[in-house]
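The following exercises are to be worked with the sequence and the model at hand. Each task is followed by a solution in steps.

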Amino acid sequence: MSKRVTKTKPCKDREKLGILRVKDHRKIEERILRLLDRYESSPETDKRWLDIGRSCIEQGFMAINRAVFEQKRAELPED
C-alpha cells in the first residue's frame with residue numbers, strides 16, 4: 001500500500017514560484033538560442049564552437065531549472 005503525500009501550503013507556494021522561475025528561464029534561453037540561430041547563418045561563424053556553446057547554454061539552463069526544483073533521488077520500494 002502506497003502512502004499518499006499531501007502538499008502543505010508552503011510547499012505549493014514554493015512549487016508555483018519554481019514554475020514561474022522556470023518559465024522566465026525558458027524565455028531567456030529561447031532569446032539566446034534565437035541569437036545563436038542568427039549566428040549560424042553567418043559564414044564567419046565557426047560552427048563547431050557555436051555548437052559547443054549552444055550545448056553548454058542548454059545544459060546550463062537545464063542545471064539551473066533542476067536547482068530551482070531541488071530534485072531529490074527517487075525512492076524505491078526497498079527503501
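A residue is called buried under 20% relative accessible area and exposed over 50%, with partly exposed in between. The model examined here is predicted.

**Exercise 1. Describe the overall make-up of the protein chain.**

Solution. Begin with the secondary structure: the protein chain has two helices and zero strands. Next, consider burial: of its 79 residues, 14% are buried. Then turn to the contacts between residues at least 6 apart in sequence; 60% of these join residues at least 24 apart. Finally, search for aromatic pairs: the structure contains zero.

**Exercise 2. Determine which residues of helix H2 are buried, which are exposed, and how the buried ones are arranged.**

Solution. Step 1: locate the helix. H2 covers residues 47-68, 22 residues in total, and spans 32 Å from its first C-alpha to its last, close to the 32 Å expected at 1.5 Å a residue.
Step 2: apply the 20% limit. Leu50, Arg54, Phe61 and Asn65 are the buried residues of H2.
Step 3: look down the axis of H2. The buried residues lie within an arc of 45°, and therefore they line one face of the helix.
Step 4: inspect the other side of H2, where Arg48, Trp49, Gln59 and Ala67 are exposed.

**Exercise 3. Examine the two ends of H2.**

Solution. At the start of H2, the backbone nitrogen of Arg48 has a side-chain oxygen of Asp46 within 3.0 Å. The charged end of Arg48, in turn, is placed over the ring of Trp49, at 5.2 Å from the ring centre. After H2 comes Glu70, with a positive phi near 45°.

**Exercise 4. Explain why Phe61 is classed as buried, and identify its contacts from elsewhere in the sequence.**

Solution. Phe61 belongs to helix H2. Its relative accessible area is 11%, so Phe61 counts as buried, the limit being under 20%. With neighbours within four places in sequence set aside, Phe61 contacts His25, Ile28, Glu29 and Ile32. As a further check, take Arg26, which is 35 residues from Phe61 along the chain: the C-alpha atoms of these two residues are 8.0 Å apart.

Technical notes
Residues numbered from 1 in each chain as written. Predicted model: local features only at pLDDT ≥ 70, side-chain atom pairs only at ≥ 80, totals over all residues. Heavy atoms only, no water. Phe/Tyr/Trp six-rings, centres within 6.5 Å; stacked < 30°, edge-to-face > 60°. Lys NZ or Arg CZ within 6 Å of the ring centre and 35° of its normal. Helix = DSSP H or I, 4+ residues; strand = E, 2+ residues; numbered from the N terminus. Expected span 1.5 Å × (residues − 1). Buried < 20%, exposed > 50% of the residue type's maximum accessible area, 1.4 Å probe, protein only. Arc of directions from axis to C-beta. Polar contact = N/O pair within 3.5 Å; in protein donor to acceptor, adjacent residues only side chain to side chain. Contact = heavy atoms within 4.5 Å.
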